[in-house]
Amino acid sequence: MTRRVVITGAGAVSPLGVGAEALIDRWIAGECGIADGEGRCDEFEPTDHMSRKEARRADRFTQLGVVAADEAIEHAGLDADGIDRDRIGCVIGTGIGGLTSLEQQVGVLNERGPDAVSPLSVPLMMGNAAAAAVAMRHSIHGQTFGIVSACAAGAHSIGAAKRMIEAGDADAVVCGGAEATLTPIAIAAFGSMAATSKEGISRPFDARRDGFVMGEGAGVLVLEDAETAESRGAEVLGELIGYAATSDAHHLTAPDPSGRAAARAVTLALEDAGIEPGEIDYVNAHGTSTPLNDRSETEALKLALPDDAGRLPVSSTKSAIGHLLGAAGAVEAIATLGALRQGVAPPTLGYGEPDEGLDLDYVPNESRPLDTASGNGGARRIAVSNSFGFGGHNAVLCISA
Amino acid sequence: MTTKAETGNVEKVIFEGLEEVGAEPNDISREAEFEALDVDSLDLVELAQIVEDEFGVRLEGDDLKGLTTVGQVIDLVVKKAE
């Protein structure tokens, strides 16, 4: 029998503040962490959480990942004596990696020549840096690696962690995503491909949406084999009951407008969870606020959930924090878990003008109670959280609490 | 333009460099061992870059091999500058 995978810890750093509670409570309250067209983690000061030496040996994306992981691990009590560190893994995804460091060192190279380039450059910018830093800090001796799949990296990492536990390769995995790309090159590059909002407003599913607002942050969960968690008396926050991933194989950046492969990821995640569409209570959308995503995602939900898409609350965390790229799926999984635990459907902020064909219930602007009248008996609430990445990557998590 | 390397100013630059790479300021002295300062091979490369910028003295990887204390590196820089 397949091992069940439960969630025993959660940590986040987001534009809504440091901590998973700040993320969920402030989103539910309808607060928006976006300012001046960016979702910056203004409250985050690395040396509040680590030594100056640790901070200078970590790119900002790693710093964010380490702090989110510290919170999740403390929450789970995973640093306690007697836990077999060989049986813990660590998978922290990112869209891009240490871009701040790369940009700085390219500047050094151009201005002062190759001899002046920092010997820390590679460990700062490598995409697995956050995973490596977390593993070193917490003496994690199982499998550790990063996953790089653009804006699906956070969800892919959580899914890979689930599989790792199911396969018996680990009893617990620290997993999630981290990103910090509010840098001149990334802002220019996303801008030049017209992916980001010229108006600097994140309003997913609204007719006036004109692109995503870039954010930064990190989200980390501790996933654990249910029996192991129970035997050590860990508090179970929820369960990762399903995961699936597919690929569009359609276009380098644009989603397949039919939503076919994305829909299949939803369907397969439900199969993995062993549930029917009628049992879902809430959908945490990828909902980027780009014209293409929000339309194809709406199509995908209708395809995958033909009898249920119309009744389901569907909201986008990105309306409150912007698009955290490789951290998005992980931060949003944590927001989803919080929504389920509090029994609240958090809102899609900034929603005002319905767009033709985008006719789902996007929970406009105000939270509302999350019913459990959806055929799962009411004993638990179930949500689907979507993540889609450039390259046509689709990763879907199914969470219950 | 680089500065002339004399024991006093080399010590000052190396002490500041060690602080820059994250060593605890109160622990830095001529007698301090790199291991105790938590200064590793990556930090030593940064320190060598700082020294070269300031004094024009190039420390290669082999130069630092076997040196365990801050004072040994200061003496080496002064000697190489002569």
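The buried residues of H4(A) pack against three helices of chain A: H3 (60-76), H5 (121-125) and H8 (184-192). Those buried residues are A:Leu99, A:Thr100 and A:Ser101. Buried means 20 or more other C-beta atoms within 10 Å of a residue's own; exposed means 12 or fewer, and partly exposed lies in between, with C-beta atoms placed from the backbone. Helices (H or I, at least four residues) and strands (E, at least two) are DSSP runs, numbered from the N terminus.

This is a predicted model: local features need pLDDT of at least 70, side-chain atom pairs count only at pLDDT 80 or more, and totals for chains, interfaces and linings use all residues. Residues are numbered from 1 along each chain as its sequence is written, while chains are lettered from A and ligands numbered from 1 in the order in which they are written.

H4(A) covers residues 99-112, 14 residues in total. From first C-alpha to last, H4(A) reaches 20 Å, close to the 20 Å expected at 1.5 Å a residue. The expected span is 1.5 Å times one less than the number of residues. Just after H4(A), A:Gly113 takes a positive phi of about 90°.

**Strand S13 of chain A**

S13(A) spans residues 393-400, and 8 of its 8 residues are buried, so the strand is largely enclosed by the rest of the structure. Both faces are covered. A:His393, A:Ala395, A:Leu397 and A:Ile399 lie on one side. A:Asn394, A:Val396, A:Cys398 and A:Ser400 lie on the other.

Two strands pair with S13(A); pairing requires at least two DSSP bridges between the strands.

| Partner of S13(A) | Residues | Bridges | Direction | One bridge pair |
|---|---|---|---|---|
| S7(A) | 238-247 | 8 bridges | antiparallel | A:Ala245 with A:Ala395 |
| S12(A) | 382-389 | 8 bridges | antiparallel | A:Ile382 with A:Ser400 |

S12(A) and S13(A) form a hairpin with 3 residues between them. In that turn, A:Gly391 has a positive phi of about 100°.

**Chain B**

Chain B has 4 helices and 0 strands. From the N terminus on, its elements run α-α-α-α. Its C-alpha atoms fill a box of roughly 30 × 25 × 20 Å along the principal axes. The radius of gyration is 11 Å, which agrees with the value near 12 Å for a compact globule of 82 residues. That radius is taken over C-alpha atoms, and the globule rule is 2.2 Å times the number of residues to the power 0.38.

Buried residues make up 28% of the 82 residues in chain B. Among contacts between residues at least 6 apart in sequence, 63% join residues at least 24 apart. A contact has C-beta atoms, placed from the backbone, within 7 Å.

Notes: Contact = placed C-beta atoms within 7 Å.
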